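Hi,

Here's the structure I promised to pass on to you. Have a look at it in your viewer first, then read on for my notes.

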Amino acid sequence: MKIKNICCIGAGYVGGPTMAVIAQKCPEINVTVVDLNEKRIAAWNDDNVENIPIYEPGLSEVVKDARGRNLFFSTDVDAAIDKAEMIFISVNTPTKTYGIGKGMAADLKWIELCARQIARVATTDKIVIEKSTLPVRTAAALKDILDHTGNGVKYQILSNPEFLAEGTAVEDLHAPDRVLIGGDRETAEGKTAMQALVDVYAHWLPKERILTTNVWSSELSKLTANAFLAQRVSSINAMSELCEHTGADVNEISKAIGMDSRIGSKFLKASVGFGGSCFQKDILNLVYIAKSFGLNEVADYWEQVIIMNDYQKRRFAANIVKTLFNTVSGKKIAFLGWAFKKDTNDTRESAAIYVADYLLNEQAEVEVYDPKVTEEQIYADLDYLGSRSEEENRRLLKVIKDPYEVCKEAHGIAVLTEWDEFKTYDWQRIYDCMLKPAFVFDGRNLLDLQKLAKIGFSTAAVGRPIVLQEKMAEEPSLAI
Ligand code: NAD
Ligand code: UDX
């Protein structure tokens, strides 16, 4: 079966980059990405390709290559569904904020809306692909909706979870470790549909990287992968606290254990806590699914990953207060970074939001610099927590466009995102304009602490011994 038209519902962090790469690599296939959000679609269509709504290294070049040739962005969802033989569903599946499963289960309302819209509009057979991350067995619900419309259209449902990480999306899409396709291997129609999707990816990936499984394994593999990755971060973060109490250095531990090929070196960076739109949401979903089968020990095991992560964020903020002589009231704390990791403008679940909230509760004055995140987004993140009024958030927290300005007259600097540019700053210049003693709290183990100490900074980095300047260390009441 040859695919000529692909439709992707959802032009977000996954739908946009994934479809741009498919269009780039499959010039004979027309790819239309649709979304209800008019502003987002207008931004994808902006004449200046640098204004596309998602910042990802290399993405604007890919879009420039394919847009208008065989890559289209549109709000006409019905037309794109009707035309396509293959439809990806790549809409958001956030944690439910209401009703049964509130705070844990994935909210599948947007998925169901897509299925109903496809069922209403389709007049020819379709391959429907779950690209969104979904609870195991969602394909059965989709099939139920699609098969009961009575208009004679036949559907094949595939699961094709996305493993890209933000900040490296294009790289990950060009050369993924594997692509996973789950489908019905028992029937000829199922096999044909799976082969059609394999053929799309085979345009640029070797066959051995394209893995096929049954639908349920594919759906559950995605939740499992994210749970394992997040668990590694929480495990090393748990060790980071022990390091701070014992004089061990978490970076040295990561290196030492990472060289064991059974453990591997990736995802062992201690931090202020993981963020992003996926880890927390997917683990909560996993916990909810386990509980719904009565598997309480399984649920508790995975929930601990989240408990540890929340603790790590709180602990980082509490350590700032404690180190700054047990009060930050009226003191300026400069934030370097707001995004949940470098090279993205995404702030969903970023640790910075929670650290800021904690410090604002302690009456600190927070000023933020991030190279890619907008002021509007930073305030939206804070307002969403509902801890204080919008006016108060704007009074207590300022967003500054210049990194040196943000550090001026600050009592302490907190590094919340590992942006490369922070390493290249003139740290002497920063020191000179800060209040003394000048503190750096490195939540990413990014900066050269020895160099900072030489300049005169006192430093506290996650999982490493605190370094107070000599004069302070001699003073017992200040050596905390
Ligand atoms: P997103 O919020 O950036 O984008 C989703 C888009 O879908 C939004 O623009 C929204 O307007 C649109 N949408 C929702 N309902 C719609 C409808 N009925 N019709 C048309 N458009 C609709 O989300 P995202 O980050 O791209 O994530 C999408 C899915 O992919 C989620 O399930 C997520 O868990 C999964 N995922 C995300 C990542 C990531 O790094 N962000 C990685 C792997 C998997
Ligand atoms: C993650 C998965 O990696 C990806 O496969 C999936 O498709 C979506 O979720 P993403 O959230 O974009 O991707 O970024 P990731 O690189 O996994 O980082 C998640 C968070 O963990 C970030 O806040 C990051 O800073 C933190 N992290 C990661 C650490 O603190 N230490 C590490 O060693 C690795």
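Below is what I found, going from the domains to a sheet and then to a ligand.

One thing to keep in mind: this is a predicted model.

**The two domains**

The chain is assigned two domains: domain 1 covers 5–205, and domain 2 covers 217–480. If you take the C-alpha centres of the two, they lie 33 Å apart. The domains do touch, with 24 residues from domain 1 and 23 residues from domain 2 taking part in the contact. On the domain 1 side, look for helix α6 (138–147) and strand β7 (179–183), since each of them supplies at least two residues that touch domain 2. The largest share of that side comes from β7, which brings three residues. What kind of residues does domain 1 put there? They split into 15 nonpolar, seven polar and two charged.

**A six-stranded sheet**

Next, try to find the open sheet made of six strands. Walking across it, you should meet them in the order β11-β10-β9-β12-β13-β14, with parallel pairing. Which strands sit at the edges? Those are β11 (397–399) and β14 (458–461), and each pairs on one side only. Neighbouring strands in this sheet are turned against each other by 20° on average, ignoring direction.

If you'd like one pair to zoom in on, pick β9 (residues 332–336) and β12 (residues 412–415): these run parallel and are joined by four bridges. As an example to click on, Phe-335 has Ala-414 in β12 as its bridge partner.

**What the record says**

UniProt has an unreviewed entry that lists residues 334–449 as "domain: UDP-glucose/GDP-mannose dehydrogenase C-terminal". Over that stretch the chain is 35% helix and 16% strand, and its end C-alpha atoms are 18 Å apart.

**Around ligand 2**

Finally, go to ligand 2. How many residues surround it? There are 19, and the closest are Lys-269, Ser-271, Phe-274, Gly-276 and Cys-278. Helix α9 (residues 215–246) gives the most to this shell, with three residues. By type, the shell divides into eleven nonpolar, four polar and four charged residues. Which domain do the shell residues come from, domain 1 or domain 2? Both contribute: domain 1 (5–205) and domain 2 (217–480) each provide at least three residues.

That's everything from my side. Happy to go through it together on screen if you get stuck.

Cheers

Methods:
Residues are numbered from 1 along each chain as its sequence is written. Chains are lettered from A and ligands numbered from 1 in the order in which they are written. This is a predicted model: local features need pLDDT of at least 70, side-chain atom pairs count only at pLDDT 80 or more; totals for chains, interfaces and linings use all residues. Domain bounds come from an automatic or database domain assignment. Two residues are in contact if their C-beta atoms, placed from the backbone, lie within 7 Å. Ala, Val, Leu, Ile, Met, Phe, Trp, Tyr, Cys and Pro count as nonpolar, Asp, Glu, Lys and Arg as charged, and the others, Gly among them, as polar. Two strands pair if DSSP finds at least two bridges between them. Axes are lines fitted to C-alpha atoms, for helices over the stretch in contact, and angles run from 0 to 180 degrees between N-to-C directions. UniProt positions are given in the numbering used here, feature names are shortened, and annotations may be inferred rather than shown by experiment. A residue is near a molecule or strand if its C-beta atom, placed from the backbone, lies within 6 Å of it.
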